[in-house]
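Subject: Structure for you to look at

Hi,

Here is the structure I promised to pass on. Have a look at it first, and my notes on how the chains meet follow underneath.

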Number of protein chains: 4
Amino acid sequence: MSVVSSPDDSAQMSHHASPRESPSVRDGSIESGTESLSDFDRVVLLEQKDSLRELHTIIRDRSSSNADFVFHADRLIRQVVEEGLNHLPITPVDVITPDNVVYTGIKFVRGNCAIAVSRSGEAMELAVRQCCKSIRIGKILVDEKNKVLYTRWMPDIAERRVLLLYPLLHTGSALVQAIHELVHQGVDQENIYLLSMFSTFGGIRRVHRAFPLVNIITSDISDDVPFHFTMKYFGTD
Amino acid sequence: MSVVSSPDDSAQMSHHASPRESPSVRDGSIESGTESLSDFDRVVLLEQKDSLRELHTIIRDRSSSNADFVFHADRLIRQVVEEGLNHLPITPVDVITPDNVVYTGIKFVRGNCAIAVSRSGEAMELAVRQCCKSIRIGKILVDEKNKVLYTRWMPDIAERRVLLLYPLLHTGSALVQAIHELVHQGVDQENIYLLSMFSTFGGIRRVHRAFPLVNIITSDISDDVPFHFTMKYFGTD
Amino acid sequence: MSVVSSPDDSAQMSHHASPRESPSVRDGSIESGTESLSDFDRVVLLEQKDSLRELHTIIRDRSSSNADFVFHADRLIRQVVEEGLNHLPITPVDVITPDNVVYTGIKFVRGNCAIAVSRSGEAMELAVRQCCKSIRIGKILVDEKNKVLYTRWMPDIAERRVLLLYPLLHTGSALVQAIHELVHQGVDQENIYLLSMFSTFGGIRRVHRAFPLVNIITSDISDDVPFHFTMKYFGTD
Amino acid sequence: MSVVSSPDDSAQMSHHASPRESPSVRDGSIESGTESLSDFDRVVLLEQKDSLRELHTIIRDRSSSNADFVFHADRLIRQVVEEGLNHLPITPVDVITPDNVVYTGIKFVRGNCAIAVSRSGEAMELAVRQCCKSIRIGKILVDEKNKVLYTRWMPDIAERRVLLLYPLLHTGSALVQAIHELVHQGVDQENIYLLSMFSTFGGIRRVHRAFPLVNIITSDISDDVPFHFTMKYFGTD
């Protein structure tokens, strides 16, 4: 896992970032031309472990059956969600064990929710539910002309941290529109955590040019984008 | 994630271990008295990220409801299983994407299976199924006097790599008996990957004294063992 | 389970309907004023067994926790989906057992898919996946003015049978619009199977006045509609 | 669904049994030689609907892949569990809806648990969890010589109703031993609900000769028993 924090948020984020946690870049996929991850702030790339690499392989393989694709996509999404959770604010908590001992642990601060950017983001809802018990899930639909067609929010969305679900960050234009809508609702940029399995440097740049404080968590940065992801997940190909 | 490999297996294991991947030791839980993880070979401790720490907290909290306990235990087990998978042997594979492009990925070598050490190990079966599509799951029952009462193997177990499921590695005596039985069936020590959520240094030492080449993957090393784990998971408390 | 078939489709539907399978009407919920289920064709009401009645109770109870609500809603949806599957066309098939014996069974004719009427119908997607391995799931979004905002079809939708997902059949106006769109795509009315947990006689009448051959499968017919269903399922209340 | 109650328990069971609910016997599988279901009390055969018949077909087909087998076995088990739940005692309950209306529903009486007869019964645990939120699951291991090797009970098992999990009721000898052990623990015969997917008349007779008041819920009665069920479910074939 790699975290590149901007200096000014180091205090708040210090429990996440560590200079020793740079990614083990095995296949060069996180460099594209002259760019590298270190040029970007607030971008987390999941550590490229073998289990993750196998998931990327199965998802890109056009011969994967629909059932295999969905099973492994769900596994991949769960890993991105679990990593995303690591970046939400925590608070220490003492609990009592069955042996009547105090155990000093942590808990996440309440007030998180998920917003799926339709339709592709809906492919991530099941995995989110498997990681976040009873999380509230809202929705925003942006059409191909980047017009917001439809939204479903929680009434108190402005006070919440938002896991924004969007599998492929390619050009980023629909996503910029979705974030714009969230910010318009009063959500702080810093409280938005974009969970995206497959990203390009171009897409990341586009999002951060508009909203530099949004957090981006992704399992792959590459120009080799599996555009068929959503269609294959839902079988509408 | 932390991997401490013995020198002689560095070639085979080199794609897993990295000197920069030491654990971020936040709460001292991986040191016990004068011992530290660096004294041990073939032991992998999951990186102590916030998401993991919250799961440990909920599992130790005696006030967690049964439903909450099971939900979060399943999440924790999935993380241990996913990390365990990272240590199985891989092979490169070229796949063709829907865009007709060759993608160079990896796949795991076939021939893995899981063996649950009854009864506690059975609490891990569901999560294993959610990570390993259609994995074969065998069983070994060791009673309180460390006698093997019952086994169910695959006929070709000797040729397989074994994910050995056992949630709490405390004294390790039942587990040593189970491994003994596996080795007696012809399984190579090096092909055994013990997945255990909660371990003690004493238990690790006990297992490795008898079987130094067994791989141990765990999410916690501490003397503070949640002995109620299995009883609470199954509700037989 | 209750099936009330029109006489002219008795041949095709005969394996579903049976004069002895009338519902055990315990609570009168399937009569509303002067109407009764027997006035309607192609409407299937799930048998009102205790397990189902408990699910209805939990879903209507405003004190149910969000996690309880989702768990039991998923159970209810699975039962409606399983009943819906019973009405799809089948074909006999001989299979060979491991003992080398011929077993004469059935299989469903291929070519089924699901279409969720957004947003409420999306609450049914997970349960559909748990019952129908790798089913294709399309989508249609109808806004509050009954305008179709968005669709995602399979290219061959006109050849398919469609499980239409929509939890609450109340006035039925959005649904009529969705069915209109499907029929416009070339889907036969008879090939549409509306799965709806909670229905009113008014809604059923409205749908059947426009599309008399559409099949309706529901677990409850009552004027006491749990309007909070979708908001509570997704936590946007 | 078919319920054949003995006369003397008609009062208690009356909300389950109905003379009009006899099974639609399509393939004669519920008659074997001169026997028929009507010779038996306290035996419930699930209604042989198409969805169920397809599951039976897939499970018997030796060419089903392991992943397909497990998926459809889980669906079948869920249906047997859901039917089993219908026979547990209920109590009326008034709940308040979000619209502030009283809804008269039911709830099941507390004090149920599940006991898996190892090892085969363990194949049913996941599906039980998907139907019964946070149910307690105990275990009893009977070896091939019908000796009880191992048990895990709830301390208060004598006060509970027991869903006894055992997929194949063939000779019934191991099961008789397991029930004997339960009764020895103080469980009332009438409080035992055997959930078994595949049964023979011989097995049912054997169980009821020893314990005539035990309830048996099954999805198939036939001499054509899929003996490979457990081995294929766990992949130890």
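Before the domain, a word on the labels: UniProt positions are given in the numbering used here, feature names are shortened, and annotations may be inferred rather than shown by experiment. With that in mind, an unreviewed UniProt entry annotates residues 48-223 of chain A as "domain: Phosphoribosyltransferase". In the coordinates, that span is 34% helix and 31% strand, and its end C-alpha atoms lie 16 Å apart. Please keep in mind that this is a predicted model.

**Chains A and B**

How many residues of each chain are in contact here? On chain B there are 53, and they touch 53 residues of chain A. About 4,500 Å² is buried between the two chains, with carbon and sulfur atoms giving 48% of that.

There is plenty of polar detail to click through. The count between chain B and chain A is six salt bridges, and one to look up is the pairing of A:Arg75 with B:Glu82, at 2.8 Å from N to O. The interface also has 24 residue pairs in polar contact. On the chain B side, the elements giving two or more residues are α2 (50-60), α3 (66-85), β3 (90-96), β4 (102-108) and α4 (125-131). The largest share comes from α3(B), with ten residues. Sorted by class, this side of chain B has 18 nonpolar, 14 polar and 21 charged residues.

Now for the symmetry. A turn of 180° with a shift of 0.0 Å along the axis lays chain B on chain A, with an RMSD of 0.0 Å. That is the relation of a two-fold axis. Both copies use the same surface, as 100% of the contact residues of chain B recur in chain A.

**Chains A and C**

This contact takes 28 residues from chain A and 28 from chain C. The area buried is about 2,400 Å², and carbon and sulfur atoms give 52% of it.

Four salt bridges are counted between chain A and chain C, including one between the side chains of A:Glu144 and C:Arg152 (2.9 Å, N to O). Twelve residue pairs are in polar contact across this interface. Which elements of chain A give two or more residues to the side that touches chain C? They are α3 (66-85), α4 (125-131), β6 (137-142), β7 (148-152) and α7 (229-234). β6(A) gives the most, with four residues. By class, this side of chain A has 13 nonpolar, five polar and ten charged residues.

Cheers

How values were computed: Residues are numbered from 1 along each chain as its sequence is written. Chains are lettered from A and ligands numbered from 1 in the order in which they are written. This is a predicted model: local features need pLDDT of at least 70, side-chain atom pairs count only at pLDDT 80 or more; totals for chains, interfaces and linings use all residues. Side-chain values use heavy atoms; hydrogens and water are left out. Contact means heavy atoms within 4.5 Å. Buried area is the accessible area (1.4 Å probe) that two parts lose on being put together, summed over both. A polar contact is a pair of N or O atoms within 3.5 Å; within protein, one must be able to donate a hydrogen and the other to accept it, and residues adjacent in sequence count only if both atoms are side-chain atoms. Ala, Val, Leu, Ile, Met, Phe, Trp, Tyr, Cys and Pro count as nonpolar, Asp, Glu, Lys and Arg as charged, and the others, Gly among them, as polar. Copies are superposed by least squares on the C-alpha atoms of residues with pLDDT of at least 70 in both.
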